[in-house]
Each structure stands twice: as C-alpha cells, then as structure tokens.
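Trainee: Please take a close look at one part of this model for me. I would like to hear about the aromatic pairing, and then how that part sits in the whole.

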Amino acid sequence: MPAPTARPFTDDAFMSPVGMSPDGMSPDGMSHDRFHRQGRGLIDQGRPEEALPIFQHAAALARQGDARGVVDADRLGRILYDVGYCLYDLGRMDEALAEFQDAVAAAEQGDTQGRLHGDNLAACQHLVGTCLARLGRDAEAMAWFQHAAEAAARGDAQGRVDYEAVGHSLHQVGACLARQGQPDLALTWLQQAVAAKEQGGASLSTDPSRIDHASLGASLHLAADCLYALGLVEEALLWFQRSVGALERGGPHAPVNHDDVGRARLRIGQCLMDLARPADALPWALAAVTAVEDGDAAGRVNLAGLCHAVHAVGDTLAAMGRFDEAMDWYRHAAETAEHGDPAGLPATLTAGAACLRKLGRTDEARAWELRARTPVG
C-alpha cells in the first residue's frame, strides 16, 4: 500500500476550535487566526511554499499570547502542525519532524481553559510518526502512532471521537509491523483499525456516522496481505473481497482510486490461483486490468501495475491450458513493460517463452528467452 502521508487540517472547526468572526479574527481578537486561515487557503490551492512563511508568522504571533500575554497552546499546536505539513510537503522531512514535535508539546498543554483537545494532540502525534516512518525509523514511529490512537480515542474537548482518526493511527502501527516482517503482530492492529474505521466519524463537524470507505479498504487490503503472508489463503481471499467492496465505494469527497481497486482484484485472483481455481481467478484478473486502465483518483495509469495485471491474465489462461489466448496477453504485457516497466519485462518474456514451448513453437520461444536474458537499457 502507499507510503504514509501527511494530512493537513481540512475541517475549519478542527483547525480553529474557537468561533471566528467574519474578518477571520478569534473572539479574543488574536490576528494569528487570520494568518492561519490565509495559510490554509494557500494549502488548499496546493501552494505550501507560499503558505509556509505565513504559518510561521502566525505561530510567532500565537506565541506572544493575547493582551494579557496568555498563550493558547492548543491553538499554537494547530498552527505548528500546518508549519510541519508545509515542510513535509516540500520534502524537508527533518525540519517537519521538529515542527510536529513542537506541535505535540504545545497540544499537550491544552487551551486557555485547561482543556486537552485529544483530536488535536492525536493529529500532531500521528504526523510525528509519519515523519519517522518516512525516514525509515519504524520502531520509533510505532510508539507515536500508538499514542496518537490513544489520544484520538479520548476525543475532542466535548468527548466526540473521530473513529476514522483512531483507525488511521492503528493502521500505521500495523503497517510498520508489516514492513518489519511481522505479519502476525501487524494483523492484530489492522483488525482493530478496521473495527474503528467501520464506526465512521471521518469529520466531527458533519455526519458523525460517515465512513471513509477508501481508507477502510486500505486497512482491509493490508490485513489480507498479512493473512496471505501467514499462509491463510482462504481467509485472505475473504478480506481481499471485503477490501474491493470498500475501495469501489471510495472516499467521501474524492474520486475512486481504480488503481487500488485493480490491485485488490488482482490479489483475489492470486488467492484463487493458489487454491487451484484458475477458472474463478480469470474474471478477477480481467477486472483488475480494467480497473488499472481507469487510473488512480487523478486518472493516472500506473504502467507497471498494468503490466502486472495483464501478465496475471496470461498466467491464468496458461494455467487453464488456453495457451494461444495466453500468448496474446503475454505480448500485451511485454509491450506495456517496454513502455513503462522495463524491470518487469524479463519475467513476462520468460513466461511467454514457456507458453510458446507448450505450443511447440520452439524457435519463437528461444527468441523470447534470448530477449529475457538481454540486459534492459
């Protein structure tokens, strides 16, 4: 599944817990809210480099406090979160990590009324974990993701719990363990992530029962991967099927990522092949090709993924003894690999050569085998 990413605050109420006046000022008259809101507008436009100095200015103002010098540490933490988000988005990971850690320290102090906002604290802790994971420091990241899940489970100042946020952090604990080659331990965390995400609550200011099916599908898929790694193929098959159902519904406000759908369908086909059911696997492999061709949420086609899916159709047909049809798909896979996945070309050529030998076309098979041994590039 995709690498962990940073997420900005997207809900206005989450960004600034205190009601705002029409001119962007908070009730205590602090101008840092106006700059924070201005920076958020730039983030929404995909302009983190321009937003960064504005957030930094907002943070400097927030540190000065109100007219009495009282600092709202919780609000400061939210601004520092967005400073870190900009740095993260610009690839300045070490700097982003430091800002997120400062955001945690601020959020832990609570607001001016002494209330701890678990939602804010969880978001900041989660992003510390995200930076550490991106820096390859999974062991440290896991602890932060666990803290984030615990904080999110405590809810906001009113006790409302965003179970999607809880599940998001639990998922990342499982992802760290999976990357460390511990699928048995990862599975426990991922099952908890699925249970949390199924409760909904992707946004505290809108429908509290709303489920982010794209996020749920990602957790179902990774849990299925763990089951598969443990040799529990039949159980993995069921979880992959659940992941397809969720991924096909997509997120609340984003287009369906058909590339993710295709990968999940392909894994169903793989399970069925392992269970010696190629006739059942074939429709899933064909459906995977269709999905990958539709592209991700932005419509971009992953040629490496497409090559893999097309190759899988060839393998499925070959397992059914339909070698002529399989060769058509291997040729398609080879052409796709030449354009977008050179590293995958030798495997496709080797499979095609084996298919040609089954058809008794020895000379063609040798030509494919020679191409497979020829260094790419």
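Mentor: Start with the count: the model, which is predicted, holds 1 aromatic pair. The partners are Tyr81 and Phe100. Two numbers describe such a pair in general: the distance of the centres and the angle of the planes. Here the ring centres lie 5.7 Å apart. The planes meet at 65°. Pairs count as edge-to-face when the planes are over 60 degrees apart, so Tyr81 and Phe100 are edge-to-face.

Now place the two rings in the chain. Tyr81 belongs to helix H4, residues 73-89. Phe100 belongs to helix H5, residues 93-107. The partners are 19 residues apart, and the pair links distant parts of the chain.

Are these two residues buried or exposed? Both come out buried. Tyr81 has a relative accessible area of 3%. For Phe100 the value is 0%. The cut-off for buried is under 20%, which is why both residues qualify.

Next, the setting. The chain has 377 residues, and 51% of them count as buried. Its secondary structure is 17 helices and 0 strands. Take the contacts with a separation of 6 or more: 61% of them join residues 24 or more positions apart. The accessible surface is about 16700 Å². Carbon and sulfur atoms account for 51% of that surface.

Another buried ring-bearing side chain is worth a look. His171 sits in helix H8, residues 163-179. Its relative accessibility is 7%, so His171 counts as buried. Beyond its neighbours within four places in sequence, His171 touches Leu190, Ala193, Lys197, Ala218, Ser219 and Leu222.

Finally, an open site. The second largest pocket has a volume of about 280 Å³. Its lining holds 14 residues. Closest to the pocket centre are Leu266, Gly269, Gln270, His308 and Ala312. Two helices, H12 (258-274) and H14 (303-319), each supply at least two lining residues. H12 gives the largest share, with 7 residues. By class, the lining splits into 4 nonpolar, 6 polar and 4 charged residues.

Back to your part, in brief. Tyr81 in H4 meets Phe100 in H5. The geometry is edge-to-face. Tyr81 is buried at 3%, and Phe100 is buried at 0%.

Note on methods: Residues numbered from 1 in each chain as written. Predicted model: local features only at pLDDT ≥ 70, side-chain atom pairs only at ≥ 80, totals over all residues. Heavy atoms only, no water. Helix = DSSP H or I, 4+ residues; strand = E, 2+ residues; numbered from the N terminus. Buried < 20%, exposed > 50% of the residue type's maximum accessible area, 1.4 Å probe, protein only. Contact = heavy atoms within 4.5 Å. Areas by Shrake-Rupley, 256 points an atom, 1.4 Å probe, with all protein chains shown as cover. 1 Å grid on protein atoms, 1.4 Å probe; cavity = no way out; pocket = protein on both sides within 12 Å on 5 of 7 lines; lining within 4 Å. Points joined across faces, edges and corners; volume = space filled by probe spheres on them. Nonpolar A, V, L, I, M, F, W, Y, C, P; charged D, E, K, R; others polar. Phe/Tyr/Trp six-rings, centres within 6.5 Å; stacked < 30°, edge-to-face > 60°.
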